[in-house]
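Let's walk through this one together, a question at a time. Here is the structure to keep beside you.

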Amino acid sequence: MLSKDDNELLTRTGRGTPMGQLLRQYWIPVVCSGELLPGGRVKRVQLLGERLVVFRTPAGTPGLVGEFCPHRGASLYFGRNETGGMRCVYHGWKFGLDGQCVDMPSEPPESNFAGKVCHTAYPCTERGGVVFAWMGADTPAPFPELEWTLLPTDHVFASMRVQDCNWFQALEGGIDSSHISFLHAPIDHTNATITVDMDRASFGVGAAVQTGDRAPRFEVVDTAYGALIGARRTEPDGRWHWRITQFLMPFYTMPPAGAGESVVQSHIWVPMDDTHVVNWMVTWHTERPLAREEIQLHIEGKGAHVCDYAPAIPEPYGDVRTAANRDNDYFMDWDAHRTRMFCGIPGFGVQDQAIQESQGPLVDRSEERLGTSDTAIIHVRKRLMTAARAPRGRGTPPSAVDPAAFCVRSASVILPAGASWVEAATPLIVVRPGQSLTVV
């Protein structure tokens, strides 16, 4: 369990909070690049408790500014997307991409008031088909060299959805390798038909579940970029089946692919505020473009992506609220729940969302009881709390120290009992030739 103070530290991400300050030391994904057309309509978003609008200028440059004009609070969602910035339609004030007011036509010509007004604005960059923003007060850090941002965009499929819960309880699900033997599993682990379907859709979950070992042993080592998490299950022949999950500071989790697979997946858990999170899911093929049928599998929800959205609403990220939600019991199939699957909610991604939201908008961790299967969760909590508490100047994010350290993958590997999983995994998870895994 955690004290109430520690729980507050982990979960509160607004301006001025220790965790909010830590997250602002990293580049934050905002929208997929394809959502923004040059000179086109803007999109309402919310990050770390701030209401913002994102847009692409007629020249093609992405911009991110506070939603509400500093003049009288009118929404810039209705603003005019002009060359070099955004103009409020209420009184015509125009703001550059850096937030500086560059035109104030409602003031007399002799006024110098425009030079005194600067609006909230954050610099943006585009990597891997995604627009990222730097929300920190300091000079932007070097961008972390995540593998999928270095590949051609046709190797990558990214989706996002809003979840109605705190960012950290969602992230905890991304490093919890024990729940796959229950939440995502058939009642009968030996059911070949279901297991084959699980392998198609879930990139290795089925293979781990089929071991029949429902109580994995966990080992965690700190790395330069976060933590490497090994979950060991015993195969029927006595060998050890290791699912190796990555945690990359501060909000990336990378569940393992199946042994020998060239497809990798990652979640990015971005806080909208303290009770809502944008759950990004990125899938990439390390060697070739993703085939149309592979992408279609994700679009149909037969994996961790959820792309079935409810009708759009005029709220931040109002176009990526899921059709399966609390109001309709996440489309629970009670017959499947009774006869075939441990949880009858269709789709792994929706199953995760339903359970994470069922914990409430913000879990009170002072009431929880943790076991050995929660080893990774305990470890990552400590890592993040330590970073958030670090005095300014001593909590330098690892992406600023070594951006290349973030170029890693997850993996699954089957080894003889007693063999070193870290040693065996290193060639599988380190992407760059000659790069070593830095264990700290």
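Buried means under 20% relative accessible area and exposed over 50%, with partly exposed in between (1.4 Å probe, protein chains only). This is a predicted model, where local features need pLDDT of at least 70, side-chain atom pairs count only at pLDDT 80 or more, and totals for chains, interfaces and linings use all residues. Residues are numbered from 1 along each chain as its sequence is written, and side-chain values use heavy atoms, leaving out hydrogens and water.

Q: Which residues of helix H10 are buried?
A: Helices here are DSSP runs (H or I, at least four residues) and strands are too (E, at least two), numbered from the N terminus. The buried residues cover an arc of only 160° around the axis, taken from the directions to the C-beta atoms, which puts them on the same side of H10. They are Ala376, Ile377, Val380, Arg381, Leu384, Met385 and Ala388.

Q: Which residues are exposed on the other side of H10?
A: An α-helix has 3.6 residues a turn, so residues three or four places apart point the same way. Opposite the buried side of H10, the exposed residues are Lys382 and Thr386.

Q: What is the order of the strands in the open sheet of four?
A: Two strands pair if DSSP finds at least two bridges between them. Strands S5 (80–82) and S8 (101–103) each have a single partner strand, so they stand at the edges. The pairing is antiparallel, and the order is S5-S6-S7-S8.

Q: Which residue in S8 is the bridge partner of Phe95?
A: Strand S7 (residues 94–96) runs antiparallel to S8, and two bridges join them. In S8, the partner of Phe95 is Cys101.
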